[in-house]
Amino acid sequence: MKNYHRVGKVLKITLTAWVLVCSMLIAISYLLLQQIKTEQTDEFIEMQSEVTHLYNEDGLNALLDEYELSHRPIWHKHESDERLDEEGLLFSLYDKNTLLLGSTELTITPVDEAVWQKYDSTLDEPISALYIHFTLDERYSLAILQALTHHYIDTRNTLISINIWFTALSWLPILFIIFSITQQYAVRIIRIKNALSKVAESPDSERIDCDNTPDELNALVISLNAMLDDISDLHTTMKTMSVGIAHDLKTPLTRVANRLQYMQQDIDMLETHLDKASSDLHTVIATFNNLVRLNAIESGKHKNGFVELNLSSTILDLAQSYEPVFIDTGRNLEISIVDDVLCLADEDLINQLVCNLLENALEYSSQDAQVWIRLQNHIDGALLQVGDNGPGISVQDRSHVFDKFYRADISRSKPGNGLGLSIVKAICKVHRGEIQLLEHQKGAVFNIELSLLSQ
């Protein structure tokens, strides 16, 4: 995998260098050809100066003799094309707007500065040529057309060949690198496939090997391993829940069966047996209701019902409604709530969270215990604390208090199904909050951190 990553980096560097070199070759070729055209333009202008000087010094006849124009006065299309192909020059001499001699293919319109234009030849493809039409005196004017030099054409063809050969040859190592990457990629895919086959046989123990190579396949492997961890956790949870459900339902259902048998044997105690059987069945129903409730919370369905909630007033109202219950049982409930703590939440879930914690304190704290519920602003949000100074939770049970169906030794003699704190943790999770059982406390103290509305 590391080799694959290195080859990938080499490919990127190679492609970048190849693009830069190609761009440099094209730029150099363009500048070189432009330089040749510039030199030809300078020579063409210099020729114009020589023609003008010769005409001014020696007259028209000297000019005609110099460029061998007098013996072929008029060149029509075919003759003009042949002369341009052989000598690279065409001339046209005008007496005002009348062609005296030279090519019939040059324009009459004066062009004072040399310009590049196309000349359509019957012998070859259109030719790029320099053209100028200037006056010799008040009567005569001269047009000159000079084809692109063979030096330019040869240089251009050479540069094109160099670029083509460079492109063709330079692609060989690039194609080799691409082939190597493709092969290594295929090998990695096969390895992942084989690893997944082993994982299918042992999902709880086997994982796909990965390294720190930052590529797409490694990211996929990490995601697959994370998914397998979640599946493993789910598998463990299902096994735990199955055992918990079987354990918690076995006792009340056995009692119901025994009550029915007692009813057959003892008709006089029918009403008592029916009441106790009904109580046991309510316990079973409550267990299933809590399981359904827990599943709904963990699935995140309640997120659609999140609203701006005044946490302070909601918790205060609920705590005050529990205050008489605590007094009747000989306990004292201390309420300390700061005003106007706002959060985005589901009110029913928040109520159930608080109810479960207060019911837990009622159930497991001592008869004269001090119980408190506090809400205050915190550095990262709101801090809700529910605690008591009762016997607390043993060290061996502390790490399991939020597990489904887990019941500590102290609670096994009391009714319940071990889902209360699991529901509390699920509610915290769906609100992106954190719940913690504080250590080194006399009783059971739970801290819950929730994000404020502003966050």
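In what order do the strands of the open five-stranded sheet run? The legends below take that up, then move on to a helix and some cysteines; keep in mind that this is a predicted model.

**View 1. The open sheet, strand by strand.** Reading across, the order is E8-E10-E11-E13-E12, and the pairing is mixed. Strand E8 (332-337) and strand E12 (434-437) sit at the edges; each has a single partner strand, so one side of each goes without a neighbour in the sheet. Going from one strand to the next, the twist averages 10°.

**View 2. Zooming in on the E10 and E11 pair.** Here strand E10 (residues 370-378) lies antiparallel to strand E11 (residues 381-388), and the two are joined over eight bridges. For a landmark, look for Gln-376, which stands opposite Leu-383 in E11.

**View 3. Helix H8 from end to end.** Helix H8 covers residues 347-364, and at 1.5 Å a residue its 18 residues should span 26 Å. The C-alpha atoms at its ends are indeed 26 Å apart, so expectation and model agree. At the N-terminal end, Asp-346 does the capping: one of its side-chain oxygens lies 3.0 Å from the backbone nitrogen of Asp-348.

**View 4. The buried residues of H8.** Plenty of names to label here: the buried residues include Leu-349, Ile-350, Leu-353, Val-354, Leu-357, Leu-358, Ala-361 and Leu-362. Gln-352 and Asn-356 are buried too, as is Cys-355.

**View 5. Cysteines without a disulfide.** Don't go hunting for a disulfide, as the structure holds zero of them. Cys-343 has 3% relative accessibility, so it counts as buried. Cys-428 is buried as well, with a relative accessible area of 1%.

How values were computed
Residues are numbered from 1 along each chain as its sequence is written. This is a predicted model: local features need pLDDT of at least 70, side-chain atom pairs count only at pLDDT 80 or more; totals for chains, interfaces and linings use all residues. Side-chain values use heavy atoms; hydrogens and water are left out. A disulfide is a pair of cysteine sulfur atoms within 2.5 Å. Buried means under 20% relative accessible area, exposed over 50%, partly exposed in between (1.4 Å probe, protein chains only). Two strands pair if DSSP finds at least two bridges between them. Helices (H or I, at least four residues) and strands (E, at least two) are DSSP runs, numbered from the N terminus. Axes are lines fitted to C-alpha atoms, for helices over the stretch in contact, and angles run from 0 to 180 degrees between N-to-C directions. The expected span of a helix is 1.5 Å times one less than its number of residues. A polar contact is a pair of N or O atoms within 3.5 Å; within protein, one must be able to donate a hydrogen and the other to accept it, and residues adjacent in sequence count only if both atoms are side-chain atoms.
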